[in-house]
Each structure stands twice: as structure tokens, then as C-alpha cells.
Amino acid sequence: MKYLTYTVAGAALVTAVYLATTNDEERMAPPFGSVPEMNSRAPASTSDSNSGPTTKAPEKKSPNNEAAIASRLKSFKDCADRENCPYPQTDPQSYEFALHHDVANFLKQIPAAEMRDNSSVKRELLDWMKRGNGFVQAEALKHLRTLPPSTESLNAVIEGLENNYHDALIMKQAMQEFSRYPDNPAVATFVQNTLTEGPQLSAVEAAKGIRNVLTPKNVDNYEKLLPQVRSESVREALSASLKDYRYSLAGG
Amino acid sequence: MNTKKSLTIIFGLFLTGPAFAANNTPDYYKCSYREGGEWNYGRAPQVCSANSFGSDSYLVTNYSSVFFADTASRSGERVRYMGEIHAVTRDAAKAYLLKKKPSASTTEVNAWIEAVVTTAAHESFFSMYRRTSDSRLKMMRGDYGHGHGLMQIDDRHHYSAINNGLAWNLGSHYTYAMDILYTAWRKASTLSCVTGASNYWQAHIRSAWAIYNGGSAKGCRWTNPNDRWAQNDKNFYTSLTKKAWRNHVSNTQQATKIPISCLMEKEACSVTEPGNGSTRPLEGRLYKVDSQICLVKNQRFFCLPERDRQCLNAIGPASNETALTWTAAQAKVYGIEQQDRHQLCPQYDRNLIPVASGLRVLKNINLRDTPAGGLVTVVPVNSVLQVRDFEVRNANGDRYYKVSYQGKSGYLYAGTLSDNSSWGVPVSSSLSAPSTMARVGDSIRVVNLYGINIRSTPGGSLLGNIPKGASVRISEALAQGPEDKLYYKITYQNITGYIYAGYTMPSETLTDWAQVLP
């Protein structure tokens, strides 16, 4: 893996940008056979780091796959916690950014068949939903959508959104996920708080996507919220969404 | 500013939170006419042409008082500039927090303002726009061109936002950066290094900035002198406590005419001043009444959404003047005549192409994220698109149409009152691509679960219902209201009337109602 570096007056490295892998020796082996190529830099301390390249996919899914995937996701967490993996430290966020980039790429390549409810992979996925940046969360949400709704998953999504509250694109994506939790009180509390006091661009996306969580039972609650929404653009978007939903219930 | 200071500032030039699409953006991305500066307030290096990310005319209309003029006397210009940019930043910060947390104590509001102001000073020396000696309007670019503007929004980590023009437009620049800082602010309030600190608000500010600079896990970084990035926190602390910017701001309570609270949410905002104290409205004056702009004629208020201000010229001269602020309750005493933009705007501009109609573009035209904003793509000449929204801006009657092209939605410029026919013309021919909005002659299938009611007029008395799954042919398509509510005229089982089909602003719900059949 190669990183671009820049120098400032010959004294300091200022920033780093992830680049495509150019050196085969630097490519880490995939942790399981069904993924043809992983572009990930795994921590040196992980148990699978010496497993060597595997290019042939297994003929059948095996428990080893689940264990390997979970292990890799866990090892990424170790990287995040210890900050001792070979990611660049050339600016305050270069390490985290490169790490999360790898995590997002790794998640992207996990086959849907490997994502099962009540699995160790799901547990790791939920952890990354909570702590990942927007790219990681986007991939985690895609996987979660293939799994049955659960309180555990929902809590992870909400916690992740709160940690990355300013990310309006993730908010937009999460509103679709919330459609799988109709009349859920945790969703209602989170969405209502976002509309009234969340970061501006996230609040606008929540208002635009409110239809995903509206039901005949809860629409009144959101209408009552309107006077508490002080942002004009959030209020306008919410008002338009609510009116449209009312129309739809009545047939327009 | 000495070299050592310059270097430490460069380390500070980084905005955290890789929230949006990232990119391996090259140094000085979309940077033309690059020029240096000085490590001093308002002129931090480098600057690049602002119009790579949006139109200069928009900036001139809305933000000219915060352009640093390179050709003016430097020291005098710095004092003028700093007074204004500080005032705008202070008001932007205050407006943001009070919208998000109206219960915030005065102490917290002041601390938040201090956090934002210090961040602007520390990240960019309050540098944003500059009118350079070549007369070009440029924008500050730090960190090898990656950091954009006042709050140094990084184009590698916020690539989509940069390209959408969010960092280019000072209003959305504040909003975008404050969303990140506010997320950090909330998080900071939960950290032990803040809750247990003897100087609570100073600790709060330091933690919020540490998160802004280093990521969500770094809120207490400033307490660890051995942290790899401890120097960043020390430098910020110096900015926070020394407040060197104060040397250039003679009056920290200076007022600004830039309607920044509005511009942080919308592109089109009027400059306002308090109501004149008169108990009667002034004939022919513009009034801002809540979120609307109104023209007083015969002592009645004729009102439209603020973005349609120019269309009030159809009622009477609505020149480009400051609007007086009145409450809706005050205006109601005299009567409010709510206008429909789809009726009034075509009276002002006879060539305006209505929503749902076809438009043939007669040039290659940029498609922008917003009327003034970032470039999305280029729509080639002779493309036939469907108008999904329109805007008419400024006294020239500059018009913009919202269209969808190759799956990308945005606005394209289509000329002025006088030259619009050379930019685009209405057509009834086939569209260049399928649309989710029906046109006359199209057939639709109802998808709304409860069917769609047939009414005598748009929103009028009920005549019948078309059940889900049924198909009808459109004989007329029209839009109403600020949300561009769409109505189709149809005939179903011998009943002729209008059906509602969703809206297009500020988002779109058309596909929740009906599907246009191929």
C-alpha cells in the first residue's frame, strides 16, 4: 500500500491520501476464500496475517469463513484502539481515515451469504456501525438491510448516527432503514430529536425522508412537533412531507 | 507572521470528519489563477478562483462586504474586513446554536460563539473570499489547496460537499462546518475531561476543537501532552486565549447586513431591517413576513416564498431594496394575499416554462446542484428535458430550471428576461430520457395504496377515486404552490377531473403516487 505524502518546508508531513495498492507484497491475504481480493492492510499482530494469499474460493460456505471475517473485523478494531497498525500518521486524521477506508472496502466485499443473524460477523458489524465513519456506516447499513430487524441492530444504528451526527448522507440512508421499524419508540425519539436539535443538514434529510417512518398512528406526533422545529428549511421539508403523507392516506 | 507560526497554523488547517464521499483529490483541485497571500488575517495563502464551485454573481449579490480587496490600503482594508467577517461569523454561530438548542444558556451561547470564532481564526486567519489585483474573485485554499475557506473544509474528506458548492457559499460553508463542530460540541459535554474541568467552558471548547481536528475519539487529546498531535491543541489553546484577531476588530458588537441566518439555510434571502415602527404598512415597500416576502399594495400584503421575490414585480415595482421585517400577526391586520408562484411568475416573465413542460436546451449548459451552486454535469445542446421546478432571480430575470438529466438532478441556467429564447424553448416533443413526471399524452399507473381521488379542480370537490393499479391518460399537467404540487387532469370511467400526484420541492414524492408508463 502506498500513501501520498507532502512536506511542508521540509519539516513535516502534513497529509496523506490513500492510494491504490501497487506492491503485491504489501497486499494482505484475504481472510476467507470467497473474497477474491482484499485491498486491506491488516494489523501485523493478527493471527491471519500470515495465512498467505488465497485465490481459490471455497466450494461451500464454512464456519471458518464466519470466524475469519469476524476476526478480521475485530482486528481492525484493535487497529483503531491501539493505533499501532501501519496506517499513515501524517495528519491528525490520516490514520483513522485510511483504516476506515479499509474497513469499508472489507465490508463491501463480504458476500451477503456470509452475513447471518446472531453470528459473530453481525456482532462485529454492529460494532463498526457504531464506531465507523460514514463510509463504514454506509456499508454496514447495506448489510443490516439484509438481516431481520432487531433491537440490537436498531440500537447500533442509532448510536452510530449519534456518533456521526453531522453526516447527512448516512442520515438519508438510515431513514430508509428505519422504515423497517414502524412505530418503534427508539426511532421516534431519535428522529424527533434530530428534527428539532440535530445538525442542520442531517435534520433536513430526516425531514425529507420522514415518510419512511410515518404511520397513521404516529403522524399526529410529528405534526405536533412542527412548532418546535426552528430551522425554516427543516420545518418546510417536514411540513411538505407530512401534508403529502396525509394526502396519501386520504387518496389525495 | 513568522515561519514557525506559519507551520503551526498549517497543522491546524484540517477539518475532521470524513463524513462524505472521499476522494484522492489532487493538490489544488480545481484551482485556477492561484495566488499567494500572507500569514495574516483575511489574506492567508493560497487563493484560487471562486467560480470553480459556483457563480461569482451570486457571491457578489450576497457577500460582497466580506470580500477582502487586495487593491485597497492593506491595513485599512484589514480592519474593515475583519469587522465584517467577525460580525457575520459571530451571528452565524449564534443563529445556529439558537436554532438547535434554544434552551442554551447565555454562557453556552457565548462559549459556542467563541469556539466558532476561534476555529475560524485558527484554521484560516478568517480568510474566505478575496478580490485580487487581477479583479478576479478568489477563495482561500489552505493545506496544499485541500482546505477550502474560512473553516477549512477538506476536499479529500468532503469531496461531494465541495463539488456541490457547499464550501464555496459562505452560508452553507458555515452550516456544513458547524454541523461537524456541533456534533463535537455535543460529544464534548459528555467527556470527563470537560465535566471535571475547573474551567468548564474553556475545556468544552478545547475538546470540541480536538474532535473537529482529530476525530470523534480525540475529545480529551488536549489533556495528553504526549499525544502525537498535542502541538495542535497547544496552538489552538494559544488562539483561544491570546485572541490575536481582536487586534484587528475594533468593535466586536458591530452589526452586519448580511442575512446570514437565512443564507445558512437557503440561497435566496433578502436583506432586512426592522419594521419602521409605523402602524401602517408603507405602500410599495417589501416586507419580510415570517419566511415570505411580501409587497404592499393598496395596504394589503401580496406574498410569495422568498426565492420568488422577483415575481412580485408582476404586482408592482419590487426593486432590489431592503425588506422591512413584520410579523405575520401584524400583516394579517391588513390582509395577506397569498400568491401562487405558478400563476404570478409567468405574469412577470411571459416566457417562463411551466413545471411539467418540456424544455429543449439550445446550448451546452452546466447543470448545477443548486441554481448558483456546484457543477453536476453538462447538458448537451438539443436535449429535451422536463421542467421540475423554476427560479427567477435578480432584476435581469435570470431563470433556472430544475431538471433531471442522466439520473442527476440539478438546475440549469436558461437566460434572462431578454435573451432566454436563445438558451431554451418549450417543446412538446419526446423527452431525451424517461421521466417520473408525466406529460400530456402520457399514461400513468396509480401506486398509492389508497388510490388517488379525482377532484373537480386541483384540491377541489371529490368526484371519485382511481384505485391502486389502475391506469389513466394525462390530458393536462400543472403545478401549484411553493412545493410545486403536481396535478394531472384525467378521465377515468367517464369522470373527468384532477388528481394529485405528489410534489417536487424540496424533495420529490412523485413515485409514491403514480408510475409513468413507458
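Two strands pair if DSSP finds at least two bridges between them. Helices (H or I, at least four residues) and strands (E, at least two) are DSSP runs, numbered from the N terminus.

The model is predicted: local features need pLDDT of at least 70, side-chain atom pairs count only at pLDDT 80 or more, and totals for chains, interfaces and linings use all residues. Residues are numbered from 1 along each chain as its sequence is written, chains are lettered from A and ligands numbered from 1 in the order in which they are written, and side-chain values use heavy atoms, with hydrogens and water left out.

**Exercise 1. Describe how β9(B) is joined to β8(B) and to β10(B).**

Solution.
- Step 1. Begin with β8 (residues 286–289) of chain B, which runs antiparallel to β9(B) and is joined to it by four bridges. Within this pairing, L286(B) stands opposite L295(B).
- Step 2. Examine the turn. β8(B) and β9(B) form a hairpin with two residues between them, and D290(B) in the turn has a positive phi of about 55°.
- Step 3. Continue to β10(B), which is antiparallel to β9(B) and shares six bridges with it. Here Q292(B) faces P305(B). This hairpin also has two residues between the strands, and N298(B) takes a positive phi near 50°.
- Step 4. Consider burial (buried means under 20% relative accessible area, exposed over 50%, partly exposed in between, with a 1.4 Å probe and protein chains only). Strand β9 (residues 292–297) of chain B is mostly covered, as five of its six residues are buried.

**Exercise 2. Determine the strand order and the edge strands of the open sheet of three strands in chain B.**

Solution.
- Step 1. The order is β16-β13-β20 (chain B), and the pairing is antiparallel.
- Step 2. β16 (384–386) and β20 (424–427) of chain B each pair on one side only, and are the edge strands.
- Step 3. Neighbouring strands of this sheet are turned by 35° against each other on average, direction ignored. For such angles, axes are lines fitted to C-alpha atoms, for helices over the stretch in contact, and angles run from 0 to 180 degrees between N-to-C directions.
- Step 4. Strand β13 (residues 358–361) of chain B is joined to β20(B) by four bridges. One bridge partner in β20(B) is G424(B), which belongs to V361(B).

**Exercise 3. Compare the handedness and the setting of three disulfides: C79(A) with C85(A), C193(B) with C220(B), and C311(B) with C345(B).**

Solution.
- Step 1. A disulfide is a pair of cysteine sulfur atoms within 2.5 Å. The whole structure holds six of them over all chains.
- Step 2. The sulfur atoms of C79(A) and C85(A) lie 2.1 Å apart. This link is left-handed, with -90° about the S-S bond. C79(A) is buried at 0% relative accessible area, and C85(A) is buried at 7%.
- Step 3. C193(B) and C220(B) have sulfur atoms 2.0 Å apart. Their link is left-handed, with -85° about the S-S bond. The pair links distant parts of the chain, 27 residues apart: C193(B) is in helix α7 (residues 192–195) of chain B, and C220(B) is in the loop between α8 (200–214) and α9 (230–242) of chain B. C193(B) is buried at 12%, whereas C220(B), at 25% relative accessibility, is partly exposed.
- Step 4. For C311(B) and C345(B), the sulfur atoms are 2.1 Å apart. The torsion about the S-S bond is about 105°, so this disulfide is right-handed. Both C311(B) and C345(B) are buried.

**Exercise 4. Explain how the salt bridge of D155(B) and R141(B) ties parts of chain B together, and set it beside that of E508(B) and R388(B).**

Solution.
- Step 1. A salt bridge is a side-chain nitrogen of Lys or Arg within 4 Å of a carboxyl oxygen of Asp or Glu. There are 48 salt bridges over all chains.
- Step 2. D155(B) and R141(B) meet at 3.9 Å, N to O. D155(B) lies in the loop between β6 (153–154) and α5 (159–163) of chain B and R141(B) in strand β4 (residues 137–142) of chain B, so the pair ties together parts 14 residues apart in sequence. D155(B) is buried at 0%, and R141(B) is buried at 2%.
- Step 3. In the bridge of E508(B) and R388(B), the closest N and O atoms are 2.9 Å apart. These residues are 120 residues apart and link distant parts of the chain. E508(B) is partly exposed at 32% relative accessibility, while R388(B) is buried at 5%.
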